[in-house]
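Subject: Structure for you to look at

Hi there,

Here is the structure I promised to pass on, with my notes underneath. Have a look at it first, and then read on for what turned up.

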Amino acid sequence: MAHRLWTCSTEDKGKRELRRQRPLEDKESVRWIDVTKEARTVIPDSTKVIMVGDRESGIFDLFLLAVNNHDFLVRAAWDRRLHDSDDHL
C-alpha cells in the first residue's frame with residue numbers, strides 16, 4: 001500500500017471563488033483521486049474496497065472511478081439533490 005503526507009494550505013482560505021476557478025489538479029481534493037487510482041492497481045478486483053472520505057472527497061470525478069467492489073462513503077458538505085428527483089440527501 002501507499003500513503004501520502006500533506007499539509008493543509010491556508011493561503012487562500014476565504015477566497016471561495018478563486019478556489020472554484022482552479023483546475024482540479026491544483027486542488028487538495030485531487031489526492032482522493034490519486035489514492036483511489038493507486039489502490040486500484042494494487043488491490044485485487046475480488047477485494048471489497050470501501051473508501052471513507054470527508055467532505056473534500058465529495059467530487060464528481062472521484063465517483064466516476066467507482067467500479068465493482070469499490071464503494072465510497074462521503075460526508076457531504078451540502079444537502080445535495082438526488083438524481084431525477086426533487087428530494088435531497
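A salt bridge here is a side-chain nitrogen of Lys or Arg that lies within 4 Å of a carboxyl oxygen of Asp or Glu. Please keep in mind that this is a predicted model. By that definition the structure holds one salt bridge. K48 and D71 form the bridge, and their closest N and O atoms are 2.3 Å apart, so the pair falls within the 4 Å limit. It links distant parts of the chain: K48 sits in the loop between helix 2 (30-42) and strand 1 (49-53), D71 belongs to strand 2 (residues 70-74), and the two are 23 residues apart. As for exposure, K48 is partly exposed at 48% relative accessibility, and D71 is partly exposed too, at 35%. As general background, side chains of opposite charge can pair when their charged atoms come close.

Now for the overall layout. The protein has three helices and two strands, and read from the N terminus the elements run α-α-β-α-β. Of its 89 residues, 21% are buried. The accessible surface comes to about 7300 Å², and carbon and sulfur atoms account for 52% of that. If you take the contacts between residues at least 6 apart in sequence, 34% of them join residues at least 24 apart.

What makes up the largest nonpolar core? Six residues do: W32, I33, M51, I59, L62 and L65. In soluble globular proteins, nonpolar side chains tend to be buried together. W32 is worth clicking on in your viewer. Leaving aside neighbours within four places in sequence, W32 is in contact with M51, V52, G53, D54, E56, S57 and L62. Two of these contacts, M51 and L62, are also listed as members of the core.

R31 is in helix 2. Is R31 buried or exposed? With a relative accessible area of 15%, R31 is buried, because the cut-off for buried is under 20%. R31 and E56 are 25 residues apart in sequence, and their C-alpha atoms are 9.8 Å apart in space.

On the outside, I50, V52 and L73 make a nonpolar surface patch of about 310 Å². I50 is in strand 1 and counts as exposed, at 56% relative accessibility.

There is also one aromatic pair in the count. F63 and F72 form that pair, with 6.2 Å from centre to centre and 65° between the planes, which is an edge-to-face arrangement. The label follows because planes over 60 degrees apart count as edge-to-face. F63 is partly exposed, with a relative accessible area of 33%.

One last residue to look up is D84, in the segment after strand 2. D84 has a positive phi of about 55° although it is not a glycine. With a relative accessible area of 71%, D84 is exposed.

If you would like a place to start, try K48 and D71, the two residues of the salt bridge, and then go on to W32 and the rest of the six-residue core.

Happy browsing, and best wishes!

Note on methods:
Residues are numbered from 1 along each chain as its sequence is written. This is a predicted model: local features need pLDDT of at least 70, side-chain atom pairs count only at pLDDT 80 or more; totals for chains, interfaces and linings use all residues. Side-chain values use heavy atoms; hydrogens and water are left out. Rings of Phe, Tyr and Trp (its six-membered ring) pair if their centres lie within 6.5 Å; planes under 30 degrees apart count as stacked, over 60 as edge-to-face and the rest as tilted. Buried means under 20% relative accessible area, exposed over 50%, partly exposed in between (1.4 Å probe, protein chains only). Helices (H or I, at least four residues) and strands (E, at least two) are DSSP runs, numbered from the N terminus. A nonpolar core is a set of buried Ala, Val, Leu, Ile, Met, Phe, Trp, Tyr and Cys residues joined through side-chain atoms within 4.5 Å. Contact means heavy atoms within 4.5 Å. Patches are made of residues with over 30% relative accessible area and no salt bridge: like charges are joined within 9 Å, nonpolar side chains (Val, Leu, Ile, Met, Phe, Trp, Tyr) within 5 Å. Accessible areas come from the Shrake-Rupley method with a 1.4 Å probe; for residues, only the protein chains shown count as cover.
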